[in-house]
Structures are given as structure tokens and as C-alpha cells.
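Visitor: Before we begin, could you show me the structure and then explain the terms as we go?
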Amino acid sequence: MSLEAGNDLESLIRIIPDFPKKGIQFLDLTTLFKDPAGLRKVIDLFYDKYKGKEISQVVGIEARGFVVASALAYRLGCGVSLIRKPGKLPAETISKSYALEYGTNEIHIHKDAVDKGEKVLLIDDLLATGGTMAAAVELLERLEAEIVGIAFIVELGFLNGSEKLGKYPIHTLIHKD
Ligand code: AMP
């Protein structure tokens, strides 16, 4: 792994082999989130990157994306909006299905979560194949938001997920090749 932020952040991530299925190395960020200095560092690094960009919503993806989205939104002084799995959001939503290795996933956002032209930052804990974030980008494009950036704590570079995210600037704290 290479780090922009120094070794301490990476050392707080726990690696679980064969979860949720054999052959997957799961990067467990709960061990980073529960560490006060680690969590603060993540939020401070994102804050330094995105302050002054007039972002009015940080949009987080269920569920670990919510942890970062809400703390960062508080720091930036903006709102937070949620992208969730089916059946969780109570009001009218728009949705996008996308393919997984086996089967499909679907994510939703409230139709009125973001206004047309609003500047948003999309955030999740980890970029793997990019399918989840590409679907989130499409939802925000359908709402005609202005996507200022896309942020992750970790990027699994060997899966080339960033190629699915097209023209939008991506910022990642930890790159795993
Ligand atoms: P993807 O759509 O393939 O980019 O997967 C991204 C989503 O799945 C994120 O919300 C991650 O939290 C989760 N995810 C995928 N692969 C891993 C992994 N190896 N370790 C931890 N989380 C993962």
C-alpha cells in the first residue's frame, strides 16, 4: 500500500480474509472509525481537500459512507444526503440497479434529496470495482446535481474502479495497488 496521509491510517484498518466469501480480502474500517485520532484525521484530510468549494450536500452511500459523510458535512457546514438500499427510504425515490459478480444490487435516493444545480460531494468508504459509485453518480446526474468530487478512504487500484467514474475528480486517502 502507498499512503498520502502517513502510515498511521492504514495501520488502523483490519483485514479479514475470506469475508464475505472465500477469496475476498475484506478491509474492515470499523477499527479505523472507532479510533478517535484516526477518525479525526480522515475527516480533517477530507475537510482540507474540500473546504472553500461551496459544497452544499455531502452524499454518503450506505452504510460506512454515512460515517464519513455526516462528520465531514458538519465540518464543511453543509447538509448530508443518503443513498440507501431498497426499502429503506420512506419518500419517493429514484433508483439504479447494477451488476455484481453474482446477481445485482440496487441503490436509491430521495427524489428531493438534492436540488438541480446543487454542488455535491459523493463519498464512500472504499472503491472496489466502482459499480456502486458509478450507480450513485448516475442518480446524482439524473437529479441534475453538480458533482464537485468523489471521495473514498481506500481505493483498491487493481480493480480499476476509477475507470467507471469518468470525468469526475476522485480523491482517495489510501491507495492499494
Ligand atoms: P464496488 O461497487 O465493487 O466498488 O464496491 C464498493 C462497496 O462495497 C463499498 O461500499 C465497500 O464498502 C464495499 N466493498 C467492496 N469490496 C470491499 C472490500 N474488499 N473490503 C471492504 N469493503 C468492500
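**Reading the ligand site and a hairpin**

Guide: A polar side-chain atom of Asp124 lies 2.9 Å from an oxygen atom of the ligand. This is a predicted model, in which local features need pLDDT of at least 70 and side-chain atom pairs count only at pLDDT 80 or more, while totals for chains, interfaces and linings use all residues. Residues are numbered from 1 along each chain as its sequence is written, and side-chain values use heavy atoms, with hydrogens and water left out.

Visitor: Why is the pair formed by a backbone N or O atom of Gly130 and an oxygen atom of the ligand called a polar contact?

Guide: A polar contact with the ligand is a pair of N or O atoms within 3.5 Å. The backbone atom of Gly130 lies 2.7 Å from the ligand oxygen, so the pair qualifies. For Gln25, a backbone N or O atom lies 2.9 Å from a nitrogen atom of the ligand, and therefore this pair qualifies too.

Visitor: What makes a residue part of the group that surrounds the ligand?

Guide: One of its heavy atoms must lie within 4 Å of the ligand. The ligand is surrounded by 13 residues, with Arg64, Asp125, Thr129, Gly130 and Thr132 the closest.

Visitor: How do you know that β6 and β7 pair?

Guide: Two strands pair if DSSP finds at least two bridges between them, and 7 bridges join β6 (residues 93–99) to β7 (residues 104–110), so they pair, running antiparallel. Among the partners, Ile94 is bridged to Ile109 in β7. The two strands form a hairpin with 4 residues between them, and Gly103 in the turn has a positive phi of about 85°.

Key: A polar contact is a pair of N or O atoms within 3.5 Å; within protein, one must be able to donate a hydrogen and the other to accept it, and residues adjacent in sequence count only if both atoms are side-chain atoms.
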